[in-house]
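This report goes through selected features of one protein model. It begins with the cysteines and then turns to some of the helices.

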Amino acid sequence: MGYYIRDDMSMQGLSTEETLELVGKRFLMSNPPHPYTYRPFNTEGIVRGKDYRYHADLQHLLADAPLGSFSYVWGRYLSVAEGTLRFALISYGPSVVYLNGKQVAKSDIFSERYRSKLIFDIPVQKGMNSLVLRFENTSGGFGGEFGTWVGKLDYYFLMPSAWEEQEGLAFSEPLEKELSSVEEENLLTLSWLPKPYGDNPATFDLAPVFPHAIPGQFFCAITSVVLPKEGTYHFIIKETHGSELCMDGKSCTEFMQGKAGTHLLSLICTREATSGWTFSLAMENSVTGERVKLINPVLKETSSYHWCAAGPFKERAVCCQQAFSPQFEKPFDTINGPDFWHLGGKGRYLRLYNDNPLFGHWNYPLGVTLYGLVEAERMVREHNPAFAEKISRYLTSHVNKTLETYDYGMWDERTLGGATAVHHLMTSLDSLDDCGSFGSAILEIAKDHEVKDVGPVTHVVGTYITKEQRRLADGTFFRKNLMHSFHENTLWADDLYMSIPFLCRYAAFIQDPSLLDDAAWQFLGFASYLYIPEKQVMSHVYDFERNLATGIPWGRGNGWVLFSLSELLSVLDKSHPKYSLMLSLFRNLCEGSLRLQDETGMWHQVLDMSSSYLETSCTAMFTCAFSRGVRAGWYEIDEPYRTACKKAWKAIQRNSLDKEGHVWGVCRGSEFSCSRRYYAQELLPRLDDTHGIGIVMLAGVEYERLLAFERSQHLWTERICTMMKHFSRDI
C-alpha cells in the first residue's frame with residue numbers, strides 16, 4: 001500500500017501522459033472559468049481598510065451616542081464548507097463576538113487598554129453565517145477593528161439581506177440596554193445604518209451621484225430591459241432637461257419597435273444650472289399597457305439599483321461610446337481621471353469580486369500550477385491534441401482575465417478603501433510572494449499562447465523586484481515593511497522561487513542579461529545565511545530579529561531553492577563569471593538532497609526527520625532538478641541522479657496520485673518556526689493543494705524528458721558502435 005492511498009487506487013503503472021491527463025483534467029473540471037461577480041458597494045459605513053480588516057470607529061460613526069450605550073454590528077459570511085475561520089479583533093472598548101447566535105469571543109481590560117490583537121478561530125457552517133459584534137461606548141473607546149488575522153487574507157463580510165449582497169456590515173443606532181439575544185428576530189427590531197438603498201425604479205437622481213458636476217459636462221446612465229415579445233413599446237420620460245434616450249445605441253422616439261430579448265437603455269445628458277437633476281423613465285407595451293421592468297445591466301434582477309452612471313466626460317462622443325458599449329471590467333477615462341460605474345446615491349459604486357476558488361486569481365501557488373499545466377500541454381500535444389487544446393484554452397482564459405482586470409483592481413484600491421477583491425496581492429504589493437511566481441508563469445505562457453499584452457503588468461513586477469523589493473546591504477532580498485508583520489525582518493528560502501524564475505524570463509523579455517547577474521548573486525546571498533554545511537541543505541528562514549537561522553531543512557523550502565537554481569543554470573551562459581559558482585552550489589545541494597531521499601523514493605516534510613511525513617511537492621521539485629541536471633550535464637557522475645529521479649516519479653505515482661486525479665500529501669502554505677514539531681505536526685498535508693499540483697505535472701514532464709534523453713543517448717551510442725565496427729572492418 002502507498003503512503004496516502006491504496007495501490008489499486010493509485011496511478012502506479014500508468015504512463016506519464018495518462019497521469020498528467022488525470023491530474024490536469026481534474027484541476028480544469030474543478031476550476032471552470034466562471035465570470036466574476038458584481039455587487040453594489042457603499043464607501044460610507046464600516047468598510048475594509050488597507051490592512052484588510054474592517055474598521056468600526058463608532059465614536060466617529062455615532063458621534064452623539066451617550067456613554068454607556070451599546071451598538072451592534074451585523075454582517076454575514078458565506079462559507080463553502082463547514083470549518084473554522086481565523087478571526088482577529090482589536091477592541092477600542094468592551095466587545096463581544098457572536099457567530100450564528102452564540103458567543104465565540106470577547107475582549108478583556110488588557111486587550112482594550114493596549115488595543116492588542118486577539119486571534120481566535122470561529123466555527124462556521126456551510127452556507128451563510130451570521131456575525132454580530134456588540135460594542136459598548138466608553139470614554140476609552142467605542143468600536144474596534146476585526147476580520148482577517150493576517151494582512152492580505154482576502155475574506156470579506158456581506159451586509160444583512162436588506163442590503164442585498166453589498167459588502168460590509170450594518171451598525172445599529174445606540175441602545176440604552178443590551179439585547180436579550182442576538183437572534184435575527186431581535187436584530188430586526190433595531191434601527192440600522194447606513195440605510196438600505198431603495199430607489200424608485202423609474203426615477204434616478206444624478207445630483208448625489210455626481211455632486212461636483214458643472215454645467216457643460218456630459219454624463220450617461222444605463223439600464224436594461226427584457227422584452228417578453230416583439231412589439232411596439234411606449235417610453236414615458238420626464239425631467240430629462242434635453243437629454244437623449246437610446247435603445248441599443250439608437251435614439252428613441254416616444255414609440256419604439258422592439259424585438260424580444262434583452263436591450264440596453266442609455267441616457268446621455270448634461271448638467272444644467274438648475275437645482276434638480278432627476279429624470280424618470282417608464283416603458284410599457286403600447287397594446288397591453290403592461291410595464292416593462294428596468295434591470296441593472298450586471299447586478300441581480302432583484303437589485304434595487306436599477307441604473308449605472310458614468311461621467312463626467314468632456315465630449316459627447318466619448319460619453320456615447322461608454323453608454324452604448326459599456327465596459328464592466330476596466331476603469332474608463334473621465335475629466336477627473338480613471339473612474340468606474342456609479343450607482344444611485346452618494347458614494348455608491350458597482351464593484352467587481354472574484355468569487356471563484358482559483359480561476360482568474362493571481363497568487364504564487366497558482367503561478368506554479370499554471371507553469372505545470374503549460375509544460376504538460378506541450379508534452380501531450382502530439383499524442384493527445386484534444387487534451388492539450390483544453391489546457392491551452394484554460395490557460396489563455398485565465399491569463400487574459402488577470403491581465404484584463406488588473407487596471408480595475410488598481411483603480412479599486414485607490415478609490416474604495418484599499419482592500420480589493422480582485423488582484424488583492426498586486427494591489428497591495430509588498431513582497432516577492434505577491435508577484436514573482438505568477439509573473440513568471442505569464443511570461444512562460446505568453447511564449448506560445450494568444451494572450452493580451454503582458455508588457456504593462458510584467459513591467460510592474462519587474463520594477464518591483466529590481467528596484468523596490470527590500471534588500472540587505474549586500475543586495476540580498478529579505479522581507480521588510482510587510483503588511484504581514486509576522487514575516488518582518490526575515491529571509492526565506494522560498495523567495496528564490498518567488499524571484500529567480502521571473503528574473504530569468506524577464507531578462508529575455510526586455511533583453512537585459514544583467515538581470516541574471518542579480519539572480520546569481522541572490523543564491524550566494526541566501527546561501528550565506530541559510531546553508532547548513534554539515535547536511536548540504538538549506539535552513540528554511542533566517543530571522544534578523546534574533547540573528548539566527550531556524551536550522552530546519554523544510555522539504556519544500558529546499559525544493560524551491562534547487563528547482564530555482566535549475567531555472568537559472570538553464571539560461572546562464574557558461575562564460576558568465578558566476579556560472580562555476582552556481583554549478584558548484586547546484587552539485588553541492590543535489591548531493592545533500594540525494595542523501596536524504598527516503599527508501600520509498602520520496603523526501604520527508606523535514607528532510608532529515610524520517611518520522612515526518614512523506615511530502616509530495618518537494619519530491620516533485622527534486623525530481624525536476626535532478627532530471628535537468630542529468631540532461632544538461634551538470635553532474636560529474638550522473639547515474640545516482642538518474643536513478644533517484646526515476647524512483648521519485650514512480651513513488652509520486654504510487655503514494656500521492658489517485659486515479660481520480662487527486663494530488664495527496666502536499667504541505668500547506670507555511671509560516672516558520674525554530675521547532676521541527678511545527679513543520680512535522682502542524683504544517684500538515686492537504687489534498688489538491690495548488691502548491692503541489694503544478695509541480696507534480698512538471699515532475700512528470702521532466703521524467704519523460706529524462707527518458708527521451710536516455711533513448712537519444714542510447715541511439716547515439718549504437719551509431720558510434722556501428723560506425724566503429726564498419727571502420728574496423730574496412731581497415
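## Cysteines

A disulfide is counted here when two cysteine sulfur atoms lie within 2.5 Å of each other. Such a link is a covalent bond between the sulfur atoms of two cysteines. The model is a predicted one, and a search of the whole structure turns up zero disulfides. Cys 308, for example, takes part in none, as the nearest cysteine sulfur belongs to Cys 220 and is 9.5 Å away. Cys 308 has a relative accessibility of 0%, so it counts as buried.

Cys 590 is likewise in no disulfide; the nearest cysteine sulfur is that of Cys 645, at 11 Å. Because its relative accessibility is 0%, Cys 590 is classed as buried.

## Helices α14 and α16

Cys 590 also appears where two helices meet. Helix α14 covers residues 579-595 and helix α16 covers residues 639-655. They pack at an angle of about 55°, and their axes are 11 Å apart. Angles that are neither under 35 degrees, nor over 145, nor from 65 to 115 count as oblique, so α14 is oblique to α16. The crossing of the two helices is left-handed.

From α14, the residues in this contact are Arg 587, Cys 590, Glu 591 and Leu 594. They meet Pro 640, Tyr 641 and Ala 644 of α16. By type, the contact has five nonpolar residues, no polar ones and two charged ones. In an α-helix there are 3.6 residues a turn, so residues three or four places apart point the same way.

## Helix α11

How many of the 10 residues of helix α11 are buried? Eight are, so the helix, residues 500-509, is largely enclosed by the rest of the structure. The buried residues are Ile 500, Pro 501, Phe 502, Leu 503, Cys 504, Arg 505, Tyr 506 and Ala 507.

Several other helices help to cover these buried residues, including α6 (364-380), α9 (436-446), α10 (455-468), α12 (514-530) and α13 (555-571). After α11 comes Gln 511, which has a positive phi, near 55°.

## Helices α13 and α15

One of the helices covering α11, α13, also packs against helix α15, residues 616-632. The angle between α13 and α15 is about 25°, and their axes are 8 Å apart. Angles under 35 degrees count as roughly parallel, and α13 and α15 are therefore roughly parallel to each other. Their crossing is left-handed.

On the α13 side, the contact includes Trp 560, Leu 562, Phe 563, Ser 566 and Glu 567. On the α15 side, it includes Met 621, Phe 622, Phe 626 and Arg 628. The residues of this contact divide into nine nonpolar, five polar and three charged.

## Arg 628 and Thr 690

Is Arg 628 of α15 buried or exposed? Its relative accessibility is 8%, so Arg 628 counts as buried. Leaving out residues up to four places away in sequence, Arg 628 touches Tyr 371, Phe 563, Ser 566, Glu 567, Trp 634 and Glu 702.

Thr 690 belongs to helix α18, residues 690-730. Thr 690 is buried too, because its relative accessible area is 12%, under the 20% limit. What does Thr 690 contact, apart from its neighbours within four places in sequence? The residues are Phe 27, Leu 358, Pro 365, Leu 366 and Thr 369.

Terms used
Residues are numbered from 1 along each chain as its sequence is written. This is a predicted model: local features need pLDDT of at least 70, side-chain atom pairs count only at pLDDT 80 or more; totals for chains, interfaces and linings use all residues. Side-chain values use heavy atoms; hydrogens and water are left out. Buried means under 20% relative accessible area, exposed over 50%, partly exposed in between (1.4 Å probe, protein chains only). Axes are lines fitted to C-alpha atoms, for helices over the stretch in contact, and angles run from 0 to 180 degrees between N-to-C directions. Helices (H or I, at least four residues) and strands (E, at least two) are DSSP runs, numbered from the N terminus. A crossing is left-handed if the near helix is turned anticlockwise from the far one by less than a right angle, and right-handed if clockwise. Contact means heavy atoms within 4.5 Å. Ala, Val, Leu, Ile, Met, Phe, Trp, Tyr, Cys and Pro count as nonpolar, Asp, Glu, Lys and Arg as charged, and the others, Gly among them, as polar.
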